[in-house]
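Trainee: Please take me on a close tour of the interior of this protein. I would like to know what lines any enclosed space and what packs around it.

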Amino acid sequence: MSTNNTNNIKHEDLGLHFLALARASSSSMGGKREEEDFEEEEVPTELNTINSSGGFLVVSPDKLSVKYTSVNLHGHDVGVVQANKPAPVKRLVYYFEIYVKDAGAKGQIAIGFTSESFKMRRQPGWEVNSCGYHGDDGLLYRGQGKGEAFGPTFTTNDTVGGGINYASQEFFFTKNGSLVGAVYKDIKGPLFPTIAVHSQNEEVLVNFGQKKFAFDLKEYEAQERMKQQMTIEKISLPPNVSYGLVRSYLQHYGYEDTLNSFDLAGKTTVPPVFVAQENGFNGQDNVYALNQRKTLRQLIRNGEIDAAFDKLRNWHPWIVQDDKSSTCFLLHCQKFIELVRVGALEEAVKYGRMELAKYFGLAGFEELVQDCVALLAYEKPQESSVGYLLEDSQREIVADTVNAMILSTNPNVKDLHGCLHSCLERLLRQLTACCLERRSMNGDQGEAFHLHRVLNSGKKAKC
């Protein structure tokens, strides 16, 4: 195989990357999927009357309160009951509360978390794989018979809460709306919210979130996120590194006018900011065909596909010489979409027969062709299942495709994959991979990392 043919295959791989992005847009991934990641997880809603030490307690019909009705004669005569589901793990924090309606004869009430195999006639914290905060002595028990000093005792009319902070991997407990303390969570696997009563007439009501908590959980979560943000902000980063990342992004995507303004601002700061070559930014490669890439991006963003084709034929003819390449295919699809956008349906039909029909039956192309043609079937295509094609993000995919293909023609380029993403994007991809790996090491516990959510939260915080 000749070197020229090898390069063509590699260049075509770049186009296939963006074709895959265009097809992925139709699956409605992103924000909705992020919310589903949170919503799909089952949460505790009531007490489990099947798995409990039922001989010593009575659970109310609504399964949200429990009363000790026996007389305890032994240490194992504990009335223990778990929630019907384990604590959900795909979030920053899980939390529940109990209200002590009656502390009974001895006030031996406990709140905590236990594993599914926990012995249901023992206080939480007395056995391995369990943790419990006890009301009669204020001690915390973590799998051993001996407790450790932790907080105040609690009794009748007190509201006590137990939670799991997945970011810090800690159990935490509250009393009457105030944080008591936290300890490291050294238990793996699913954990069930658990309460225990151990003397006559002890009665407890449970709140799994069906009503407002005494503890301000939202404020606690906000403070936890602030801690994470402060940890990040303490990391020292030389100004020229962040400057270089932004500058390389503007260069990579052909934002020439913004780049010029950015450079001017950098020169007028005190002291001026300069990008050192040893930081890994190669400005010469990124400014390749900068003005042409800017012009083509503007044309595609404005829906002027015929003009973009003309410029490409004049400036970079090889990119459009293969009419069945991924790049040409995406441009033809966008031309069809723009005709539908302005209501030129007859012209769109003619263009589809002339340009899109040739892609039917070709692997990787047919699905997007079908979506494009489907736009004709709707009176309001923007509101249809294929309405994603009319969004600005679709134009951006096509513009990014052309931009990458032009960058790949730079004779000095060493790695074609570097044409796909800027240095900033590669850094963010590395950040995402590290966050996912860290979460995996914690047993996939805690909030799933979504870059868009993090960036949007940063915008809201500054408003």
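Mentor: Let's start with the largest cavity of this predicted model, which holds about 40 Å³ of space. A cavity here is a set of points on a 1 Å grid over the protein atoms alone where a 1.4 Å probe fits but cannot get out, and lining residues have an atom within 4 Å of a point. Points are joined across faces, edges and corners, and the volume is the space filled by probe spheres set on them. Ala 87, Val 89, Ile 164, Tyr 166, Gly 189, Pro 190, Leu 191 and Gln 445 form the lining of this largest cavity. By class, 6 of these lining residues are nonpolar, 2 are polar and none is charged. In this scheme Ala, Val, Leu, Ile, Met, Phe, Trp, Tyr, Cys and Pro are nonpolar, Asp, Glu, Lys and Arg charged, and the others, Gly among them, polar.

The structure has 2 cavities of 30 Å³ or more. The second largest cavity has about 30 Å³ of space, and around it sit Leu 330, Cys 333, Gln 334, Ile 337, Leu 368, Gln 394 and Val 398. Two elements, helix 9 (326-341) and helix 12 (392-407), give two or more residues to that lining. Helix 9 supplies the largest share, with 4 residues. The class count for this second lining is 5 nonpolar, 2 polar and no charged residues. Helices (H or I, at least four residues) and strands (E, at least two) are DSSP runs, numbered from the N terminus; the protein has 14 of each.

Helix 9 brings us to the largest nonpolar core, where Ile 300, Leu 312, Phe 329, Leu 330, Leu 331, Leu 368 and Leu 389 touch the most other members among its 47 residues. Such a core is a set of buried Ala, Val, Leu, Ile, Met, Phe, Trp, Tyr and Cys residues joined through side-chain atoms within 4.5 Å. Helix 1 (3-24), helix 7, helix 8 (305-315), helix 9, helix 10 (345-356), helix 11 (366-374) and helix 12 each contribute at least two residues to this core, and helix 9 gives the most, 9 residues. Leu 330 and Leu 368 are among the residues that touch the most other core members, and both also line the second largest cavity. Setting aside neighbours within four places in sequence, Phe 329 is in contact (heavy atoms within 4.5 Å) with Leu 19, Tyr 359, Phe 365, Leu 368 and Val 369. A separate core has 36 residues, including Ala 103, Ile 109, Tyr 133 and Phe 173.

Ile 300 belongs to helix 7, whose buried residues also include Leu 290, Arg 293, Lys 294 and Leu 296. Gly 303, just after helix 7, has a positive phi of about 80 degrees.

Val 349 makes a useful contrast. This residue of helix 10 is partly exposed, at 29% relative accessible area; under 20% is buried, over 50% exposed and in between partly exposed (1.4 Å probe, protein chains only). Beyond its neighbours within four places, Val 349 is in contact with Phe 336 and Leu 376. Leu 376 is 27 residues away from Val 349 in sequence, with 8.4 Å between their C-alpha atoms.

For the whole protein, 45% of its 463 residues count as buried. Of the contacts with a separation of 6 or more, 66% join residues 24 or more positions apart.

Two notes on reading all this: residues are numbered from 1 along each chain as its sequence is written, and side-chain values use heavy atoms, leaving out hydrogens and water. Local features need pLDDT of at least 70 and side-chain atom pairs count only at pLDDT 80 or more, while totals for chains, interfaces and linings use all residues.

Definitions and conventions:
1 Å grid on protein atoms, 1.4 Å probe; cavity = no way out; pocket = protein on both sides within 12 Å on 5 of 7 lines; lining within 4 Å.
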